[in-house]
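Biologist: I'd love a guided close look at one part of this protein, with enough of the surroundings to place it. Here is the model I have in mind.

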Amino acid sequence: MTESVGDRIRDLSDRADRARAAFDPPANPPDEERALTYLREGFGPTVALYLECRTGGRAVRFDSDEFARLQRTMNEWLELYAACYGVEIEADVTVRTAAEALIDTHNVVDVAHVLTGVPD
């Protein structure tokens, strides 16, 4: 059985919650390896899910709760990424903006840098 979009969003959100709960700030920032892990395993897949739903073979409509959760999850991954550099942010980026940047750059590290300003 194929996992629904709602289930996939919930999984990404739950993973972000667990990562946040387990997060210990690096003693000597940056922790670039962990930051990259958050991008590759959290932020990137979250944005990719949005892109898949908007550009895949069939259009997927998010209900308002799903879309809010997707966007909140993506921002949580960005906040964890920045925290690996010793920077605390309150990310408030739209998933559409992130998706457009990813299409332009094809690189989650570049997208995260542009959206957060981290690292300087």
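Leaving aside its neighbours within four places in sequence, which residues is E79 in contact with?

Modeller: Happy to walk you through it. Please keep in mind that this is a predicted model.

Leaving aside neighbours within four places in sequence, E79 is in contact with R20, I89, E90 and A91. The contact with A91 can be described further: the side chain of E79 reaches the backbone nitrogen of A91 at 3.0 Å. You might wonder whether this glutamate is buried or exposed. The relative accessibility of E79 is 18%, and the cut-off for buried is under 20%, so E79 counts as buried.

Now for the element that carries this residue. E79 lies in helix 3, which covers residues 64-83. With 20 residues at 1.5 Å a residue, helix 3 should span 28 Å, and its end C-alpha atoms are indeed 28 Å apart, so the expected and modelled spans agree. At the start of helix 3 there is another acidic side chain to look at: a side-chain oxygen of D63 comes to within 3.0 Å of the backbone nitrogen of D65.

Further along the same stretch of your display you will find A83, which is also placed in helix 3. A83 is buried, because its relative accessible area is 19% and buried means under 20%. Not counting residues up to four places away in sequence, A83 touches F23 and P26. A83 and P26 are 57 residues apart along the chain, yet their C-alpha atoms are separated by 8.2 Å.

A second pair involves P25. This proline is found in the loop between helix 1 and helix 2. P25 and L80 are 55 residues apart in sequence, with 9.4 Å between their C-alpha atoms. Unlike the buried A83, P25 is exposed, with a relative accessible area of 60%.

While you are at that loop, look at P30, which is found between helix 1 (5-22) and helix 2 (32-55). P29 and P30 are joined by a cis peptide bond, with omega at about 5 degrees. This is worth pausing on, because most peptide bonds are trans. A cis peptide bond also joins V118 and P119, where omega is about -5 degrees. P119 sits in the segment after helix 5 (108-116).

Another backbone detail is found at H106, in the loop between helix 4 (95-105) and helix 5. H106 is not a glycine, but its phi is positive, at about 60 degrees. As a rule, most residues other than glycine have a negative phi. The relative accessible area of H106 is 68%, so this histidine is exposed.

Helix 4 itself offers a good example of packing at L102, which is placed there. L102 is buried, with a relative accessible area of 16%. Leaving aside neighbours within four places in sequence, L102 is in contact with V47, L51, N107, V108 and V111. L102 and G44 are 58 residues apart in sequence and 8.8 Å apart in space, C-alpha to C-alpha.

As a bench biochemist you may also want to know about the cysteines. The structure holds zero disulfides. C53 is buried, with a relative accessible area of 2%, and C84 is buried too, with a value of 0%.

Finally, let me put the close-up back into the whole chain. The protein chain has five helices and zero strands. Its radius of gyration is 14 Å, close to the 14 Å that the globule rule gives for 120 residues, so the chain is as compact as a globular protein of that length. Along the principal axes, the C-alpha atoms fill a box of roughly 45 × 30 × 25 Å. Of the 120 residues, 42% count as buried, E79 being one of the residues that do. Among contacts with a separation of 6 or more, 70% come from residues 24 or more positions apart. As for the surface, the protein chain exposes about 7,100 Å², and carbon and sulfur atoms supply 46% of that area.

Definitions and conventions. Residues are numbered from 1 along each chain as its sequence is written. This is a predicted model: local features need pLDDT of at least 70, side-chain atom pairs count only at pLDDT 80 or more; totals for chains, interfaces and linings use all residues. Side-chain values use heavy atoms; hydrogens and water are left out. Helices (H or I, at least four residues) and strands (E, at least two) are DSSP runs, numbered from the N terminus. The expected span of a helix is 1.5 Å times one less than its number of residues. A polar contact is a pair of N or O atoms within 3.5 Å; within protein, one must be able to donate a hydrogen and the other to accept it, and residues adjacent in sequence count only if both atoms are side-chain atoms. The radius of gyration is taken over C-alpha atoms; the globule rule is 2.2 Å times the number of residues to the power 0.38. Buried means under 20% relative accessible area, exposed over 50%, partly exposed in between (1.4 Å probe, protein chains only). Contact means heavy atoms within 4.5 Å. Accessible areas come from the Shrake-Rupley method with a 1.4 Å probe; for residues, only the protein chains shown count as cover. A disulfide is a pair of cysteine sulfur atoms within 2.5 Å.
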